[in-house]
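The exercises below concern the single chain shown next. Each task is followed by a solution that proceeds step by step.

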Amino acid sequence: MKKEEYRNQALKIFPRVCAKCGREFSGKKLRELTVHHKDHNYQNNPSDGSNWELLCLYCHDNEHSRALEAAWQGAQDSNDEKKPAAKHTPFADLMKLVRGSDHQAGGSRK
Ligand SMILES: [Zn+2]
Ligand SMILES: [Zn+2]
């Protein structure tokens, strides 16, 4: 699904209100209302909107900087073979498992 498509779909389903700060958007201002993916996977677009949240630009930004570390470390793990293997943690094997299932789920990735 293209960005504009899921945005339009989300605007159809949800009230045009920021889910965080509760500001309402209409007309030109509607551009400032953006679709956030709750699981931070922008390719996960169920048409019932269960992965979407409408957030204004500011709250959206906020949401991502808060989740930045956790989410992005996960998302960029496919590059991890280039990283120095200095950090051995008890979770390393667990992380591999998580990554493995992640790769299967993301099979349609382009
Ligand atoms: Zn907001
Ligand atoms: Zn987002």
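**Exercise 1: Overall architecture**

Read along the sequence, the chain follows the pattern α-β-β-α-α. The model is a predicted one, in which local features need pLDDT of at least 70, side-chain atom pairs count only at pLDDT 80 or more, and totals for chains, interfaces and linings use all residues. Residues are numbered from 1 along each chain as its sequence is written, while chains are lettered from A and ligands numbered from 1 in the order in which they are written.

Task: State how many helices and strands the chain has, and what share of its residues is buried.

Solution.
- Step 1. The secondary structure consists of 3 helices and 2 strands; helices (H or I, at least four residues) and strands (E, at least two) are DSSP runs, numbered from the N terminus.
- Step 2. A residue is buried if 20 or more other C-beta atoms lie within 10 Å of its own, exposed if 12 or fewer, and partly exposed in between, with C-beta atoms placed from the backbone. Of the 110 residues in the chain, 11% are buried.
- Step 3. Two residues are in contact if their C-beta atoms, placed from the backbone, lie within 7 Å. Among the contacts with a separation of 6 or more, 54% link residues 24 or more positions apart.

**Exercise 2: Strand pairing and the core**

Task: Determine how E1 and E2 run and how many bridges join them, then identify which residues form the largest nonpolar core.

Solution.
- Step 1. Strands E1 and E2 run antiparallel and are joined by 5 bridges; two strands pair if DSSP finds at least two bridges between them.
- Step 2. Within this pairing, valine 35 has leucine 54 of E2 as its bridge partner. Beyond residues up to four places away in sequence, valine 35 touches Tyr6, Arg7, Ala10, Trp52 and Leu54.
- Step 3. A nonpolar core is a set of buried Ala, Val, Leu, Ile, Met, Phe, Trp, Tyr and Cys residues joined through C-beta atoms within 7 Å. The largest one has 10 residues, namely Tyr6, Ala10, Cys18, Leu33, Val35, Trp52, Leu54, Leu55, Cys56 and Cys59.
- Step 4. At least two residues of this core come from each of H1, E1 and strand E2 (52-56). E2 gives the most, with 4 residues.
- Step 5. Because 4 of the 5 residues of E2 are buried, E2 is largely enclosed by the rest of the structure.

**Exercise 3: The N-terminal part**

Task: Decide whether lysine 2 and asparagine 8 are buried or exposed.

Solution.
- Step 1. Lysine 2 belongs to the segment before H1. It counts as exposed because it has 8 C-beta neighbours inside 10 Å.
- Step 2. Between lysine 2 and tyrosine 42, 40 residues apart in sequence, the C-alpha to C-alpha distance is 9.8 Å.
- Step 3. Asparagine 8 is part of helix H1 and counts as exposed, since it has 12 C-beta neighbours inside 10 Å.
- Step 4. The C-alpha atoms of asparagine 8 and valine 35 are separated by 9.4 Å, although these residues are 27 residues apart along the chain.

**Exercise 4: Loop residues**

Task: Locate glutamate 32, histidine 40 and asparagine 44, and describe their surroundings.

Solution.
- Step 1. Glutamate 32 lies in the loop between helix H1 (3-13) and strand E1 (33-37). Its 14 C-beta neighbours inside 10 Å make it partly exposed.
- Step 2. Apart from neighbours within four places in sequence, glutamate 32 is in contact with Phe25, Cys56 and Leu57. Its C-alpha atom is separated by 9.9 Å from that of histidine 60, 28 residues apart along the chain.
- Step 3. Histidine 40 sits in the loop between E1 and E2; its phi is near 65°, a positive value in a residue other than glycine. With 17 other C-beta atoms within 10 Å, histidine 40 is partly exposed.
- Step 4. Asparagine 44 also occupies the loop between E1 and E2 and, having 16 C-beta neighbours inside 10 Å, is partly exposed. Neighbours within four places aside, asparagine 44 is in contact with His37, Asp39 and Asn51.
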